[in-house]
Amino acid sequence: MLTQIYTYAVENREKLLQKLDARTNQELFREANHKWFSCQPELRAYNTCAIDSSWNYLKYHGYYLYSVEAVSVFPNGSFAAEPRYEVGVNTLATEESERGEAIYNPMLYLSSIGMDYEYSLALQSKERCDFVLVDGSLLARYYDRRKRKSISFHEYAKTLMTEQKVVFVAKTSESNVMLKGTLGDIYYFTKATKKAGYSAPYFDSIGITVFYARLDDYQPCIKVEVPGKLNQQECKQVFEALAANRFNGYSYSLRLAHEMCKISDDDMQALASVLGLDVEAGAREVLNE
């Protein structure tokens, strides 16, 4: 079947990549350039910490073995708040309260736990920092209507919307609210601009300031969301706080948080071995995988 897929891709390459054609996007690139403020971040001392969560699971016959972890760390590797974690064995069913049905979606179940942990860590850490950086998008969580009955973070987000010290940073985004293109705004800003800087802010109707930033020349843009209505000068302050501890165009604190909470497949196999579950039948064994 792969042969047919490759053949189709080759025969329809121009059509498939039409949305990425620079000639098609010229007007959007010009608008992205117009909204971009090129500037090098001033070297100022900001006390920031970063929060990230991770989860993983192994599927067995009739149940999952899972693990969730979240950390809040300073750039020196010390914890801003006590790490949160959970290890368990169950079906990972999430109850849909509206219809009273169970949804068997391990990603939904585990990401909900991770976001709950991130929320509690943000509240615990905010008094110890100038800014608390959280990996991911606040708006994506808030507008997740389909899953809102299952993700309690949707409710927590209302509280975080009053916390201007809590900055959400997304490495990628499909939101096109600012430039109205067929691709996410972050694509046009990354392609149209090359120098460090940040974009004009966009104010979401629920009270979130959104802008895009590049911390080092020629590095990819990131999406930044801050509760409240920030002016350009306040956006610049957040931009400089993000850049204060950066490595290769990305916050070193967020990179460190990611590394410290990451749960790999090998980690899960080791956990299964510790529990004596490595001899249990998994879901792929009938395929000899």
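This note goes through a predicted model point by point, from its overall make-up to individual side chains.

1. Overall make-up. The protein contains 10 helices and 14 strands, and of its 289 residues 46% are buried. Among contacts with a separation of 6 or more, 66% are between residues 24 or more positions apart.

2. Helix H10 and its two sides. In H10, which covers residues 265-274, the buried residues are Met268, Leu271 and Ala272. Looking down the axis of H10, one finds these buried residues within an arc of 100°, so they line one face of the helix. On the other side of H10 lie Asp266 and Val274, and both of these are exposed.

3. What lies against H10, and what follows it. The cover over the buried residues of H10 includes strand E2 (48-60), strand E3 (63-73) and strand E4 (79-90). After H10 comes Gly276, a residue with a positive phi, near 75°.

4. The E3-E4 hairpin. Two of the strands that cover H10, namely E3 and E4, run antiparallel and are joined by nine bridges. One of the pairings can be given by residue, since Leu65 has Val89 in E4 as its bridge partner. The two strands form a hairpin with five residues between them, and in the turn Gly77 has a positive phi of about 90°.

5. Aromatic pairs around Tyr57. How many aromatic pairs does the model hold? The count comes to 13. One of them joins Trp55 and Tyr57, whose rings are stacked, with 6.4 Å centre to centre and 10° between the planes. Tyr57 also pairs with Tyr64, but here the arrangement is edge-to-face, at 5.2 Å centre to centre and with 85° between the planes. As for exposure, Trp55 is partly exposed at a relative accessible area of 27%, Tyr57 is likewise partly exposed with a value of 27%, whereas Tyr64 is buried at 12%.

6. Other ring arrangements. Which residues make up one aromatic cluster? Phe37, Tyr198, Phe211 and Phe239 do. Elsewhere, a charged side chain is placed over a ring: Lys229 lies over the face of Phe203, at 4.9 Å from the ring centre.

7. Cysteines. A disulfide is a covalent bond between the sulfur atoms of two cysteines, and a search of the whole structure for such bonds finds zero. Cys129 is accordingly in no disulfide, and the nearest cysteine sulfur to it, which belongs to Cys49, is 3.1 Å away. The criterion applied is a pair of cysteine sulfur atoms within 2.5 Å, so a reader who checks this pair should set the 3.1 Å separation of Cys129 and Cys49 against that cut-off. Is Cys129 buried or exposed? Cys129 is buried, with a relative accessible area of 5%, and Cys261 also counts as buried, at 0% relative accessibility.

Notes: Residues are numbered from 1 along each chain as its sequence is written. This is a predicted model: local features need pLDDT of at least 70, side-chain atom pairs count only at pLDDT 80 or more; totals for chains, interfaces and linings use all residues. Side-chain values use heavy atoms; hydrogens and water are left out. Buried means under 20% relative accessible area, exposed over 50%, partly exposed in between (1.4 Å probe, protein chains only). Helices (H or I, at least four residues) and strands (E, at least two) are DSSP runs, numbered from the N terminus. The arc is that of the directions from the helix axis to the C-beta atoms. Contact means heavy atoms within 4.5 Å. Rings of Phe, Tyr and Trp (its six-membered ring) pair if their centres lie within 6.5 Å; planes under 30 degrees apart count as stacked, over 60 as edge-to-face and the rest as tilted. A charge sits over a ring if NZ of Lys or CZ of Arg is within 6 Å of the ring centre and within 35 degrees of the ring normal. Two strands pair if DSSP finds at least two bridges between them.
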